[in-house]
Amino acid sequence: MRVLGVDPGLTRCGVGVVEGVPGRPCALVAYYVVYTDPADELPLRLLHLDRSLTDLVAEHRPDAVAVERVFSQHNVRTVMGTAQASGIAVLAGARAGLPVQTYTPSEVKAAVTGSGQADKAQMTSMVTRLLRLAEPPRPADAADALALAICHVWRGGTRSKLAVAAERARRGGTRR
């Protein structure tokens with residue numbers, strides 16, 4: 001399974017692509033950070049983000065897209081930009097006909113480190129170790145996007161298989 005993970009942000013949007021199967025180490029395909037200029041008007045920033053994510057989905061042809069679910073933050077301006085970037089990421093996956101799953105930061109942390117309370121340094125360290133990288137991915141937005149992709153391979157892949165099996169059982173069908 002190839003997964004494109006997105007750590008949404010309006011100024012810096014992390015994108016990570018990994019391949020793997022549940023229960024096994026994943027392999028790095030690529031990672032990026034899409035930047036937008038805060039001095040630009042919002043519609044131009046969102047358009048740049050949309051075009052960039054659409055191009056990356058087309059280039060890497062993932063089987064699924066995993067996006068960090070926006071959670072409440074104290075700074076309303078920050079959460080608005082993150083929510084807008086998240087919507088663009090979900091749209092890029094849906095437009096390509098891909099399954100899109102969102103994960104909370106604590107779900108990703110728990111999947112990657114074993115603790116839903118892990119800090120940024122622990123997350124980056126585990127992503128580096130899990131993907132067998134010589135150096136940590138920089139900036140942290142890229143490491144977070146890779147963590148989302150790993151989380152989806154491990155959790156979403158299993159979740160998808162269970163859903164397919166449940167549907168087969170519901171229909172009384174057999175595996176082909």
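## A walk through a predicted α/β model

Starting at the N terminus, the elements follow the order β-β-β-α-β-α-β-α-α-α. That gives five helices and five strands, and bear in mind as you look around that this is a predicted model. Of the 176 residues, 43% are buried. Take the contacts between residues at least 6 apart in sequence: 64% of them join residues at least 24 apart. On the outside, the protein exposes about 9,600 Å², with carbon and sulfur atoms supplying 53% of that.

Let's go inside. In soluble globular proteins, nonpolar side chains tend to be buried together. Here, the largest nonpolar core has 22 residues, and Val18, Val108, Val112 and Leu131 are the ones touching the most other members. The elements giving two or more residues to this core are α3 (105-113), α4 (120-130) and α5 (140-171). The largest share, seven residues, is from α5. Leu131 is a good place to zoom in: leaving aside residues up to four places away in sequence, Leu131 touches Val18, Cys26, Ala27, Leu28, Leu146 and Ile150. Apart from this core there's another one, made of 19 residues, including Val17, Leu46, Leu53 and Leu98.

Two of those names, Leu46 and Leu53, turn up again where α1 meets α2. The axes of α1 (residues 42-60) and α2 (residues 76-95) come within 9 Å and cross at roughly 35 degrees, and the crossing is right-handed. On the α1 side, the contact is made by Leu42, Leu46, Leu49, Asp50, Leu53 and Thr54. Facing them from α2 are Gln84, Ala85, Ile88, Ala89, Leu91, Ala92 and Arg95. Sorted by type, the residues of this contact are nine nonpolar, two polar and two charged.

Now for the backbone oddities. Most residues other than glycine have a negative phi, and most peptide bonds are trans. Against that background, have a look at the loop between α4 and α5, where Arg132 sits. Phi of Arg132 is positive, near 55 degrees, and at 56% relative accessibility Arg132 counts as exposed. Pro139 has its place in the loop between α4 and α5 too, and the peptide bond leading from Arg138 to Pro139 is cis, with omega near -5 degrees.

Another positive phi belongs to Arg61, near 45 degrees. You'll find Arg61 in the loop between α1 and β4 (64-68). Is Arg61 buried or exposed? Its relative accessible area is 68%, so Arg61 is exposed.

Terms used. Residues are numbered from 1 along each chain as its sequence is written. This is a predicted model: local features need pLDDT of at least 70, side-chain atom pairs count only at pLDDT 80 or more; totals for chains, interfaces and linings use all residues. Side-chain values use heavy atoms; hydrogens and water are left out. Axes are lines fitted to C-alpha atoms, for helices over the stretch in contact, and angles run from 0 to 180 degrees between N-to-C directions. Helices (H or I, at least four residues) and strands (E, at least two) are DSSP runs, numbered from the N terminus. A crossing is left-handed if the near helix is turned anticlockwise from the far one by less than a right angle, and right-handed if clockwise. Contact means heavy atoms within 4.5 Å. Ala, Val, Leu, Ile, Met, Phe, Trp, Tyr, Cys and Pro count as nonpolar, Asp, Glu, Lys and Arg as charged, and the others, Gly among them, as polar. A nonpolar core is a set of buried Ala, Val, Leu, Ile, Met, Phe, Trp, Tyr and Cys residues joined through side-chain atoms within 4.5 Å. Buried means under 20% relative accessible area, exposed over 50%, partly exposed in between (1.4 Å probe, protein chains only). Accessible areas come from the Shrake-Rupley method with a 1.4 Å probe; for residues, only the protein chains shown count as cover.
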